[in-house]
Amino acid sequence: MRGILFAISGGFFLTLQSVANARISNSIGTWQAATLTQMTGFVVALLITLILRDRTFRQMKEVKLLYLSGGALAAAVLFSNMTAVHLMGVTLTISLFLIAQLGLALVIDWNGWFGMIKRRLQLPQVIGILMMIGGVLLLKW
């Protein structure tokens, strides 16, 4: 149940972040907004780590280099998201982001990439993605 609540919260936060970032980028530019967002995210995460007195950050040297690319990917996500919100609006942007996320997640699970357990792709999953695409087409027109 906690996982479901965190996932729903993340979805809400992503939507709110998309709107806020798009508004910020109107004033200062897209890459500047991405920089500001990354910096504030870093500061908040660091403060939470310090408040919780979590010292596991000392183990960062054990993290594989490939996985450290997550921060760089976040910059690309922010830029893409802000640009898409400007061009298409929040609803269509978030809808397409979700489809892209689910599609790639299925491919990752199916192939067992990044150390994930290989899972069989089943018909209901394919139908679900196709239904989401149909829903986005309905939203667009």
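Is Gly 71 buried, partly exposed or exposed? Here are some notes on that and a few other spots in this predicted model.

1. Let me start with the glycine. Gly 71 sits in helix α3, and its relative accessible area is 42%. The cut-offs put buried under 20% and exposed over 50%, so Gly 71 comes out as partly exposed. Its C-alpha atom is 8.5 Å from that of Gln 38, although 33 residues separate the two along the chain.

2. Gln 38 leads us to helix α2, which covers residues 30–52. Its 23 residues, at 1.5 Å each, should span 33 Å, and the C-alpha atoms at its ends are indeed 33 Å apart, so expectation and model agree. The buried residues of α2 are Thr 30, Ala 33, Ala 34 and Thr 37. On numbering alone, you may like to recall that an α-helix has 3.6 residues a turn, so residues three or four places apart point the same way. The partners of these buried α2 residues are α1 (2–28) and α3 (70–88). Just after α2 comes Arg 53, with a positive phi near 55°.

3. Helix α4 deserves a similar check. It has 22 residues, which at 1.5 Å a residue should give a span of 32 Å; the end C-alpha atoms lie 31 Å apart, and that agrees. Buried in α4 are Leu 92, Thr 93, Ile 94, Ser 95, Ile 99, Leu 106 and Ile 108. The cover over these buried residues includes α1, α3 and α5.

4. Thr 93 is worth a closer look within α4. Its relative accessibility is 1%, so it counts as buried. Leaving aside residues up to four places away in sequence, Thr 93 touches Asn 81, Ala 84, Val 85 and Met 88.

5. Now for the pairing of α4 with α5. Two packed helices are described by the angle between their axes and the distance between the axes. Here, the axes of α4 (residues 90–111) and α5 (residues 123–140) come within 10 Å and cross at roughly 165°. Angles over 145 degrees count as roughly antiparallel, and α4 and α5 therefore fall into that class. Their crossing is left-handed.

6. Which residues make up this α4–α5 contact? On the α4 side they are Thr 91, Leu 92, Ser 95, Leu 96, Leu 98, Ile 99, Leu 102, Gly 103 and Leu 106; on the α5 side they are Gln 125, Ile 129, Met 132, Ile 133, Val 136, Leu 139 and Lys 140. Sorted by class, the contact has 11 nonpolar, four polar and one charged residues. Among the α4 residues listed as buried are Leu 92, Ser 95, Ile 99 and Leu 106, and these also appear in the contact with α5.

7. The stretch after α4 has some backbone angles to look at. Gly 112 follows the helix and has a positive phi near 70°. Phe 114, in the loop between α4 and α5, has phi near 60°, a positive value in a residue other than glycine. At 47% relative accessibility, Phe 114 counts as partly exposed.

8. One last aromatic residue to flag is Phe 12 in helix α1. With 57% relative accessibility, Phe 12 counts as exposed. Its C-alpha atom is 29 Å from that of Asn 111, with the two residues 99 apart along the chain.

Key. Residues are numbered from 1 along each chain as its sequence is written. This is a predicted model: local features need pLDDT of at least 70, side-chain atom pairs count only at pLDDT 80 or more; totals for chains, interfaces and linings use all residues. Side-chain values use heavy atoms; hydrogens and water are left out. Axes are lines fitted to C-alpha atoms, for helices over the stretch in contact, and angles run from 0 to 180 degrees between N-to-C directions. Helices (H or I, at least four residues) and strands (E, at least two) are DSSP runs, numbered from the N terminus. Angles under 35 degrees count as roughly parallel, over 145 as roughly antiparallel, 65 to 115 as roughly perpendicular and the rest as oblique. A crossing is left-handed if the near helix is turned anticlockwise from the far one by less than a right angle, and right-handed if clockwise. Contact means heavy atoms within 4.5 Å. Ala, Val, Leu, Ile, Met, Phe, Trp, Tyr, Cys and Pro count as nonpolar, Asp, Glu, Lys and Arg as charged, and the others, Gly among them, as polar. The expected span of a helix is 1.5 Å times one less than its number of residues. Buried means under 20% relative accessible area, exposed over 50%, partly exposed in between (1.4 Å probe, protein chains only).
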